[in-house]
Every structure is written in structure tokens, then in C-alpha cells.
Amino acid sequence: MALSMMGCGSRIGALLASALGLSPCVAYASAPETATAAASAFHVLSTGIEWQHGPVVMRITVLRDDVVRVRIGRNGALPEDASWAALPAARRASVAVTGFSTADAAGFSTGAMKVSVARRDGGVTVTDRTGRVLLSDLDGAVLPDRRGAGFTITKAIPDDAHYFGLGDKFGPLDRLGRSFVMWNTDSYGYQEGQDPLYKDIPFFIGYTKGGYYGVFLDNSWRTSFDFGKARRGELTIGADGGPVDYYVLAGPDPGDVERAYAWLTGTPAMQPLWALGFQQSRWGYPTERDVRSVVARYRHDRIPLDAIWLDIDYQQHFRPFTVDPGTFPTFGRMVADFTAQRVHTVAITDLHIADLPNAGYAPYDSGMAQDRFVKTGAGQPYVAPVWPGPTLFPDFTQAATRAWWGTLYRQFYLEDGIAGFWNDMDEPAIFETPTKTMPLDNRHRIDEPGFASRVAFHREIHNLYGMQNHRATYEGLLALKPDERPFVMTRATYAGGQRYGVTWTGDNSSTWNHLRLTIPMLESLGLGGFTFSGADIGGFAGSASADLLTRWIEVATFTPIARDHSDEQSLPQEPWIGGRRHEDIRRRFIEARYRLLPYLYTVAEEAARTGLPMMRPLFLEFPEGLLDGTPLDLATGSQFMLGRALMVAAPPTPESPGPYSVILPAGGWYEYWTGRPVGGLRPLSLWGAGGLFITLKDTGPAAPHMVSITPRLDQLPVYVRAGSIIPRQPLVQSTGETPRGPLEIDVYPGANCQGSVYADDGHSFAFRQGVYSRVALSCTVEADHGVAVTIGRPEGSFQPWWRSYRVVVHGFDHAPHGIGGNGGNGTRPIPVAYDGAAGSAQFTVSADGAANTYRLRP
Ligand code: GLC
């Protein structure tokens, strides 16, 4: 075993000693290697390495080739091996490693990365298999915070670095040069740069030298991330307390980093199909009659709708789990009437239980009887004002409290037929308090398998509180209906909360800047696992102009969750507000979303299965980036991918009708709305990151290009990647309606041409038993410029609604003169229709369950 001493002059040595109340040169004076056992030492483990220096112990273990975990204890022992975010199976996983030792360092290699620990100060350097340095400590393994329980980790920022992620931060996608705090906060009307907001997702993706990697700090205390803002070239990660426990995910492909993060913290909960439909909400539908008239108007105006949301208006004195019989006199019948119109009802059920002794308020009575509430530092139930006035706060970190909470949904979920629930204010938000939340010394109890049972103070639980509220609702609904996918939306959460469902970006504003920044915000949530996210369409605070609402609906057509919601104080914001012209545009976009549902659902299922988000920054699909490898997103900001095939190019300054440039990454593109190959291509030239003017010399068809466009208000530019196949369906007014006609398969020929269509019953877990249908689709451009389309044999036992496929092949500048092939490689001709204006050829074939290849010959 190698022994070495930390130099007395090192920053970590001095700080460690001072934090421990020792003089550094007494405690850590250099000494011969053999002199004392209190010096630094390495212990080689079969799955990693341990470094020890006085009371500091650091263990680095390999969970799988591309995932390492670093844990540091500062009092002679490692922190408790427990986590609300990282799954037990992932934390238990391990692979054997090959160790090495040099004069300065010791470490190990896996198939995907190399980890080296400096003898001098425990500084960790992680490189990937190509030798690219992902992370390297500047000040040793960790610096204790001078205030006591906290710590700081400082890593070098390479010259070409960029950073993405951290959840609902409100600014540009790239986090470089900025700093962030993680402390879940009620942030009504937040604006650009305001921080912290509602969620704590301490996971980011780093970029350097053409590759990507991930870092996840599993610490629920107040934490901070500084990406070179305080000091250029230094990335600091700090916390007020709690464990030093972080994971490095090697990449270099950013999609692999996303999949590894999902392996570690869980995939997002698969949503019911209706969650992808259009949803209407408002704080300020004061009566049942108002809500009914909104639903009626949707159906009358033939605007598709899948869900109507009930905000706190329906409750008696804003008390959760009550209904005001004065304003909502036939609540159950109303929900049933909506169900009959194929509209799902979602109800808000905030966590704050009104402090109402002896009033027959069941949530209070049962919660008190079972001792289910958070306590003050002095041990009394903590009472503070929220919507109903004085309220109590369930102690969600106890499994028994979550089970009790779940029972509160019985009436709404089983009897009234409410389809989904909304957990708001769970930062937790508290009124009339400068901190907007509870005292930090409030007492929660951790009573949870895998954790030591103990009392924990609010400073540790705060950022977990919303996640455990969300979890309690999700698991409660599952207990009530074990075979239904719960739909639960939360405002606050922590990493891993994606396992319980949906979130949204909170109280945004009805401004153009909010619409603009919604794109990076939703992308960042998706990178952090929360792919099922939306922003209040039209903005929450303030009133949207007709133009703003129209543009917002256009963009939201292509975001995972599309819910129109607004504040009590704002003017009405439903799709018909602002006149017929606007309503027609908005309807057309909402209809486009419904026609696209087979694709949306296929992408959603991929996200729930693999962790790859639905809405993707360009770098996820085109990691090769620009010239020097710079992520493409730095040059656009308003372009995003929806799945692998679609690219939305929203106006970067959405209030302006002016022209702008769209970057078309290498490989060729079609226009979504016309199906025609994109014309007017220009060689790519732009201001790259770092202020360099980039002009691509390669102007061949395979190079990235630009187009300059000036979309009118009724147009949103959307492009399809050449080599894609997109399934679409006939228009319906709700996902509960069975589409009539064939499944449309739009083929956009190009290299590596592929797609798929996934379907299942849309609401149960039968897909886990194989009751689903997945059809692989592919195409090849043949030597004679013909196109062969292959529709695979369906996998799984589910029978989808379609009986035939209408195949539309784009990109023909004249009619293909025949088609050969059906039933494998047969030669039976099939009638083909050619649309010269669209440049597309189409034919309809039966979905007979066999694999078939069809050929269009020029
Ligand atoms: C919070 C929510 C908002 C909701 C309001 C009333 O501000 O973020 O969406 O409408 O409370 O419940």
C-alpha cells in the first residue's frame, strides 16, 4: 500500500486543518512515508480506489464502464450510502477495474474512462477512453466550507468547454459564465436570469473537444454551481452541507450520457396517451358553469382537446380534497359529462392541509390522528399560511405518510373519475414569510427503506419535499388503480423525480422573452430527465396579446406537454380569444399536433424506455457540431429537435417579423408543411461561439447549410431530416376518439433512412407484458434513384386502430413510373398517385402484419 503525505502548503491541507481546528503544519506536516499511519493512503478496491488523508476519506467506485461514483467523508467515514435520486440497483452495480500506481498518483481504468487520484491532495482527474480530460480537480478532492458543514469542489474549465442542464434555469441553454443555486423557490412572475426557481436537478452535461460527459451531484441541500463566473477557468460545485457524493458519466456521445443518467436515476414515467393531447387550464374558472362552457366551446369550435384542468377555484375555501358545493354543485356529474365528451379532468390537490380541528375535515383529522405532519424545531406541528389560511404540511419523507396521502385521492380518483392530479406549491411555498418557505430547523422524519431512520432538518429535506409529494401522489394513485398510468404534475422536484411524471415551468409571464426562453428551459428539463414538461401556453402572469398567444400555441404544438394556463388576474387566454383569424391559425396548429400523435407517442415511448428526451437540443442528434466541434445550439438558440426526425426553427426574436437564418445540420432536409426538399440553401457562415466568423468551405449536399426565412405569424418553420419516416394519423378531436382511415407513413428519403411507430392501449401497463405494437420502418434510395420502403412485421401483441398504411414518399420531381413489390420482394404492381406540386408519390397497402418492401421506380 502506497503512503504519501499531503504537502503543508497545499490549499486543501491548510483548509482541512483549519476547518478541523488544527494548525495545518501540525496536523499535516510532511513526514517520511513510513513515519505515521495518519498520512495519505490509497486502498485499492476491486471496483475502484479509496484515498484517505487524516479524517478525509474518498472512495471512487465504478458502477459500470462509463459511470463512476465519487464519495467523500470528512469525519473518518463515508456518508450514508442512501439516495432519493440514484436507484439502489445502479448504486449496487459494479465492475472490476484495472488499477495503476505512479509516483504522483494512483487510479484505475475501465473500458470507457480512466480515473487518477493525486497522491498529494486527492485531486481527481477523469479522462475518457480517447484521453480527453473530462474533469480535473484544481484544489484537491474537496475543500471544506469555512462555515462548517459545507464544501466546495473546484474543477478546471477547459478553453473550449460548454455546459448544459441543471433543469429549470431561465436563460440561455449554455451555462458557461453563469452561476446557479439549487433551492426550490416559489417564483411568481420570474424573469430572465432569476435564480433559483422551482426545481433542484443538480445534473449537467459538459462539452469539451468534441465529446460530452455528465456530472450528477447527489446532494439535496442548498447547492451551487459556478461555471467560470466567479473565476474564469474554474468550475465550482458547492453545498451548505450534506454528502459529497457525485457521479461522472463518460459519454462521449451525449445520447449515451442521457441514457446513463436514466439508468442511474430512472426513466421518466410513461404517460397516458391523452397527456400528449391539448390541455386547457386557468386559475379563475370560478364556477362549474364557466368550466363547462370552456369545454363546450372547444367542441363547438372544433378545436381538439384532451384535458380540462381545475385550479383552486373548485375547492371550498381553497382546502385540498374539498369541493365547493355552491359553485360546483354537480361536480361528479360535470366530470362524467366531460369524460363522455372524451375530455379528461385534472384537479389541483395542493399539499397544505388546512389547520381545521373539530370541523370534520378528513385530511386534517386523519393526518393529525396518525401524526403525519412536519414539526417545528420545538417538536410541535408546524402551521403556516398558504391558500386556505393556516395549514399543516405532510411529512412526505416517511413512507407511512406517503401511503396516508395516497388514500386521500380515493373519492376523486375512484368515485368522481378525475383522471389526473396537479401538485402545486410543493417547494414548499409559504405565504407572508420573507424566505417563502419553512424554517430550516423544522423537523422531518426519514423513514424509508434503504435509509437509516432519523429526524432530518428542513435544510436537508427542502429540495426533496416536492419530489416526495409528487411520489406520494403517484404511488397513491397506483395503489388505487394498479393498472393505470398515473398522470401527476408537480411544480417542485429533485433529480429522479421524473419517475413520478410531469412538471411545468411554473409561473412564467405573458411576454415574448418568456416564449423565447421556454425553448432552452424545456430542453434543459429534458436533459435532466424531465422530458414530460410544458410551459404555461400564453404565459401565466400578465395578459398575452393575440399575436403572442398564437405564436406560443404554434411552438407548444411541438413541446411534450401542451397546456394553456393563466393567472386569475390575466385576461382570458383560450384559443378563441383575439378573434377568428387567430383562432383559425391556432386550431390549425393544434390539429397538426393531433395528426402527429403517432410520432409524438412513439417519441414519448422511446423517452420513457431509454431516457433520451423528446425535445432535444441539436447537439443530441448532431454531436459532431460545427467546424471545430462547437455545439450547434450555440449558434441558434431557437432551434430544437422533436425526436430524431423533426427540427423546429422558431423565430429567435419571436416578436419580430424580420428575417432570420436557420442552420440545417449536415445530411439534407425537407420542409415539414409542404414535404418538399428545402430550397434556397446557402453555404453556412455565421458568428460562432467565441466570436469567430465561421464560413464552411464544404458546400456539397452533405455539408451543413443555412436558409434565410421570414415566417409570417401564421407560419412556424419546421423541417424534417432526410432519412426519416414519420407516422401520422387522421384528425381527431381527442385521443379518446379512434382515427378513421389509414395510418399515414411519410417517407423523407435520405441516408440511414429509418423510423418506427409505437402504439399500445394508451393508459395501462399491459405494454410491460408485451401488449404493444412497434413497427420498424426504413427506406433506401436505390441506384436508379428509386426508393424502397420497408414496413416491418409488428413486434408485440397489441392490435392498433389502423388496418392499412398510406405511404407518402417525398422528394420525387416527377411521377415514379411504377411500383413493384408486395409480400417480401414480389413484383405485383400497386397503384401510385403522384402529386406534382408536393413532389410526393403515394400508395395505400394493407397492414396485414407481414414485413413488406415496396419500390418506387423513377
Ligand atoms: C401557483 C401555480 C399556478 C396556479 C396558482 C393557483 O401560482 O403556479 O399555476 O394557478 O398557484 O393555484
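Visitor: Where is Phe321 in this model?

Guide: In this predicted model, Phe321 sits in the loop between strand 22 (307-310) and helix 6 (331-340).

Visitor: Why is Phe321 called buried?

Guide: The relative accessible area of Phe321 is 14%. Buried means under 20%, so Phe321 counts as buried.

Visitor: What is the phi of Phe321?

Guide: Phi is positive, about 70°, although Phe321 is not a glycine. Most residues other than glycine have a negative phi.

Visitor: Why does Lys436 count as partly exposed?

Guide: Its relative accessibility is 36%. Partly exposed covers values between the 20% limit for buried and the 50% limit for exposed, so Lys436 counts as partly exposed. Lys436 lies in the loop between strand 27 and strand 28 and has a positive phi near 65°.

Visitor: Which peptide bond in the loop between strand 27 (420-423) and strand 28 (443-446) is cis?

Guide: The bond from Glu427 to Pro428 is cis, with omega near 0°, and Pro428 is placed in that loop. Another cis peptide bond joins Gly251 and Pro252, with omega of about 5°. Pro252 belongs to the loop between strand 20 (244-249) and helix 4 (254-265).

Visitor: What makes helix 8 oblique to helix 10?

Guide: Helix 8 (residues 399-407) and helix 10 (residues 458-480) pack at about 60°, with their axes 8 Å apart. Roughly parallel needs an angle under 35 degrees, and roughly perpendicular runs from 65 to 115. The angle of about 60° fits neither class, so helix 8 is oblique to helix 10. The crossing is right-handed. On the helix 8 side, Arg402, Trp405 and Gly406 take part, meeting residues of helix 10 including Gln468, Arg471 and Leu480. By class, this contact has three nonpolar, five polar and three charged residues.

Visitor: Why are helix 11 and helix 12 called roughly parallel?

Guide: Their axes cross at roughly 10° and come within 10 Å. Angles under 35 degrees count as roughly parallel, so the term applies to helix 11 and helix 12. Among the residues of helix 11 in this contact are Trp512 and Leu515, and Arg551 and Trp552 are among those of helix 12. The contact has six nonpolar, two polar and two charged residues.

Visitor: How do you know that helix 12 (residues 546-556) is largely enclosed?

Guide: Nine of its eleven residues are buried, so helix 12 is largely enclosed by the rest of the structure. The buried residues include Leu549, Ile553 and Ala556. The buried residues of helix 12 pack against helix 11 (512-527), strand 34 (562-564), helix 13 (580-595) and strand 36 (639-642).

Conventions:
Residues are numbered from 1 along each chain as its sequence is written. This is a predicted model: local features need pLDDT of at least 70, side-chain atom pairs count only at pLDDT 80 or more; totals for chains, interfaces and linings use all residues. Side-chain values use heavy atoms; hydrogens and water are left out. Buried means under 20% relative accessible area, exposed over 50%, partly exposed in between (1.4 Å probe, protein chains only). Helices (H or I, at least four residues) and strands (E, at least two) are DSSP runs, numbered from the N terminus. Contact means heavy atoms within 4.5 Å. Axes are lines fitted to C-alpha atoms, for helices over the stretch in contact, and angles run from 0 to 180 degrees between N-to-C directions. Angles under 35 degrees count as roughly parallel, over 145 as roughly antiparallel, 65 to 115 as roughly perpendicular and the rest as oblique. A crossing is left-handed if the near helix is turned anticlockwise from the far one by less than a right angle, and right-handed if clockwise. Ala, Val, Leu, Ile, Met, Phe, Trp, Tyr, Cys and Pro count as nonpolar, Asp, Glu, Lys and Arg as charged, and the others, Gly among them, as polar.
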